[in-house]
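Please load the model in your viewer and keep the sequence panel open beside it. We will walk through it one selection at a time.

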2 protein chains.
Amino acid sequence: MTEQNDFGEGFPPKSIAFVGVSRTNHFQHPGYTGSKLIRILQEGGFEGRLYPVNPKATEIDGLKAYPTVSAIPETVDLVNITVPAPAVPGVLEDCARARPRNVQICTSGFGETGGAEGKALDAQILEIASRTGLRIIGPNCMGFHVPSARIQMFENVPMEPGPVAFLSQSGGHARVFILHASHKGVGLSKVISYGNALLTDEADLVEYLATDPDTRVVCMYLEGVKKGRRLMELVQAVSPTKPVVIWKGGLSAPGARAAASHTASLAGERQIWDAFFKQTGAIPVGSIEEMVDVALLLLHLKPLPQGNRVTVLGGGGGDTVAAGDACAEAGLEVPPLSPQTRSELLSYVYLVNQGIGNPLDLPIVFYDMNNLRRTLRTLADDPLLDAIMIRMGSEFFVMDQLFPSRSQYAEAIRDVAEHEMGRKPVMVAITDETSVEPAEKHARAFREAGVPALGSLRRVCHALSRVSAYQRYLTSIGAEVR
Amino acid sequence: MTEQNDFGEGFPPKSIAFVGVSRTNHFQHPGYTGSKLIRILQEGGFEGRLYPVNPKATEIDGLKAYPTVSAIPETVDLVNITVPAPAVPGVLEDCARARPRNVQICTSGFGETGGAEGKALDAQILEIASRTGLRIIGPNCMGFHVPSARIQMFENVPMEPGPVAFLSQSGGHARVFILHASHKGVGLSKVISYGNALLTDEADLVEYLATDPDTRVVCMYLEGVKKGRRLMELVQAVSPTKPVVIWKGGLSAPGARAAASHTASLAGERQIWDAFFKQTGAIPVGSIEEMVDVALLLLHLKPLPQGNRVTVLGGGGGDTVAAGDACAEAGLEVPPLSPQTRSELLSYVYLVNQGIGNPLDLPIVFYDMNNLRRTLRTLADDPLLDAIMIRMGSEFFVMDQLFPSRSQYAEAIRDVAEHEMGRKPVMVAITDETSVEPAEKHARAFREAGVPALGSLRRVCHALSRVSAYQRYLTSIGAEVR
């Protein structure tokens, strides 16, 4: 059997053939057809070459059509297959003659059906790949989203290049990841939906991303893993330089049953995955939203926190109680502040009805930028703290006569963080009132002004806890401090 | 000592005196002053009588002012006090002469400071109340929001009457609750911020709500409880007819420390609270959002689920795995469907690549309303299921040429639920893509069309799990089936 894991050759593709393009396929169906993909790529500004393959046509949608892949006058980088499952082996035999650099089988109806027919088709594909050396992604996958190459697999999704990659067994999750990342201003290097992973699997793709110069953070959605040992070794090797964030789906019994039906995966086994995360330093998350939050802090926190002892600076009694509970729920420690910190704060903060606790209930410091700066410096000097969260309600930014403006806050926090806080990260949580939208909008404005921020204190706590555990992993293996 | 717990007399108030109204108090401060409260009530359309009290004025903001409470020519329903803490005992002595039905002390600076001065003031208030029989709310509280009486304590909050009450030690949480409830279309009977609960406490207020004809669901935010046994007995008595939903703040160590500083409360003691919930049937939640979700299902689910065995009907492989995991995380069971259900579904559903699992990955039924209705009926007949969730992406409602319209879905689901599903509740979860807003908007439209719906599958799972546990509690005590 030839080596299938040198995925990077011919990727991102500059030339793509499409097998499964009908001559007049404008049937409006949400499914995935070659015709639709060609249109998506054309509309997205892909500048490579597109080859529709159809033995009954000479031209499709203005492109010259070819009867077979092997009839195309160049060796293409990628063949995209959307024909029905039983026709796939025949297409692969044709590909074997043309020797494209990669083959992507979108079609479903293989091992994931659980039926004998699907399994027989799997065996046929494996035999052809073994005999011919074809590199195959899928089946039952959606493919590639590479903004820098204007390659996409979905309609109506943004293409913003950046340092975060996402590997996903689920095409649906790939789409949601792209949308979430764009919404939070996180640019993407490569998103790859690889489906059943019959041949090319997550390990091969992690290996590729390990040396991809455009990728700094690797995110993954996994259902099942066939070569667990190999994936573990690869993630262990990659994570000290490129953090690996993993959403493992199907850890529950009903989730595992669904994963078996979705991508023929054996999911489950929570203890095995606990060990996996512990040994590799991979960062576990439980949703796309949390994954993007963690990626965002990994990119923007400077430095990562050296431990999990935190403070939350905010105002309001009930919200301060909730902040303490949220930190504890996320596994963060909220130690009492040092006596020096408390006496320093008391020297200039007028307290109406609160002692100096942690979380800090100090609304007064938000009225005066000098007090806020001074408070941040004081907290930065506290040896008992590893990170500082600032909690602000979105109503702050609509009460202009009372509070400084959002940009004044952002400027002050960024300045103090850059010049006066040593190696202690600070981040902002905008708290929700009735709706997440305004909080997200303000958080985004803070990020654009250079201040790490998310639109929920709970989410900041969870993401901070994750990245702090990652930093402790790095320390434990003696990796360079980030 | 006189009995202080017959809170309902003179409530909601028709006449209110304000002590703490300066003659020219237009200082723009977010704090709580009598002048501000008068303006809020006037602008909100309160039709009762307002009496500013100030010995140095004869008129304030167009209202006749009185030198003392006892100089007011009627016995007022409520005296609102916002003078500084040391001046409060003197005002209470004046109140004792006037004998108002209730006194509300907004001022902070009492037991919650932890200082000797605050504790001495507490003792003075207790002594005056004991000697004079004054009924006192607070100190350190915000007061009342009663939409049906046009009474409010905050600016810029909606006043929508309805069947849900909220008791809160935190004024901030009271405000957020009002906003969240309005955003979700949940109308309110009474919201009461009662602060330190030095005299009138949560138990007194629960006792009042037990017989309040406008209240069908009682929500509470608690930090500490002084008379735990009494509260337990009251909640136990109320919960079979009016469900009681409780967010207990400060269950973590840092949260408990903050609660001590916020409202002088002894929080913590998770085991005690676990026992409390188990014995009373009160429904535990962890945030305002979850509280409103649960209230919403309590009001709209008909009937409540008789157990926690559920199915989720939706489409998309990765989302189906996530749905299984979300159910498990919330403590719901997702049993394999009965053989009859599976063969019935297979008789008309064309499966491309999925078996009939649970959660159900059946996108096909969303294209044809007859299939959807038939599927719901089939699931309703499955004896292994207690409740049915329908998961739809908000993108369904922007792809009009592919899918039925939102109102067609809502109508079909409501009709089947009302006439053909026996006693099995059905609810809709609109799933988020990049933003919660569109999901919430669609969920609201479903609710307005008579279909219980929330803008997140995770939130539906958690709220459903809570109300199903409540129903099981009712069954266990032999209460009437709801």
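How many of the six residues of strand β11 (residues 217-222) of chain B are buried? Six of the six are, so β11(B) is largely enclosed by the rest of the structure. Here, a residue is buried if 20 or more other C-beta atoms lie within 10 Å of its own, exposed if 12 or fewer, and partly exposed in between, with C-beta atoms placed from the backbone. Strands (E, at least two residues) and helices (H or I, at least four residues) are DSSP runs, numbered from the N terminus.

Before you go on, note that this is a predicted model, in which local features need pLDDT of at least 70 and side-chain atom pairs count only at pLDDT 80 or more, while totals for chains, interfaces and linings use all residues. Residues are numbered from 1 along each chain as its sequence is written, and chains are lettered from A and ligands numbered from 1 in the order in which they are written.

**Stop 1: the strand and its neighbours**

Show the side chains of β11(B). On one side you will find V217(B), C219(B) and Y221(B), and on the other V218(B), M220(B) and L222(B); both faces are covered.

Now add strand β9 (residues 161-168) of chain B, which pairs with β11(B) in the parallel sense over five bridges. Two strands pair if DSSP finds at least two bridges between them. Look for S168(B), which stands opposite Y221(B).

Next, select strand β12 (residues 244-248) of chain B, again parallel to β11(B) and joined to it by five bridges. Here K248(B) is the bridge partner of L222(B).

**Stop 2: the whole sheet**

Widen the selection to the open sheet of six strands, β8-β10-β9-β11-β12-β13 (chain B), whose pairing is mixed. At its edges stand β8 (143-145) and β13 (283-285) of chain B; each has a single partner strand, so one side of each is left without a neighbour in the sheet. Neighbouring strands are turned by 20° against each other on average, direction ignored; the angles are between lines fitted to C-alpha atoms, and run from 0 to 180 degrees between N-to-C directions.

Inside this sheet, β9(B) and strand β10 (residues 188-193) of chain B run parallel and share five bridges. Pick out P161(B), which faces L188(B) across that pair.

Then hop to chain A, where six strands form an open sheet in the order β8-β10-β9-β11-β12-β13, also with mixed pairing. For an antiparallel pair, select β8(A) and strand β10 (residues 188-193) of chain A, joined by three bridges. F144(A) stands opposite I192(A) there.

**Stop 3: a helix with two sides**

Back in chain B, select helix α3 (residues 116-132). Which of its residues are buried? They are G118(B), L121(B), I125(B), I128(B) and A129(B). These cover an arc of only 95° around the axis (taken from the directions from the helix axis to the C-beta atoms), which puts them on the same side of α3(B). The face turned away carries the exposed residues A116(B), A123(B), E127(B) and R131(B).

Add α2 (88-98) and β7 (136-137) of chain B to see what the buried residues pack against. Just after the helix comes G133(B), whose phi is positive, near 80°.

**Last stop: where the chains meet**

Show both chains. The contact takes 58 residues from chain B and 58 residues from chain A, where residues are in contact if their C-beta atoms, placed from the backbone, lie within 7 Å. On the chain B side, α10(B) gives the most, with 11 residues.

Conventions:
Two residues are in contact if their C-beta atoms, placed from the backbone, lie within 7 Å. The expected span of a helix is 1.5 Å times one less than its number of residues.
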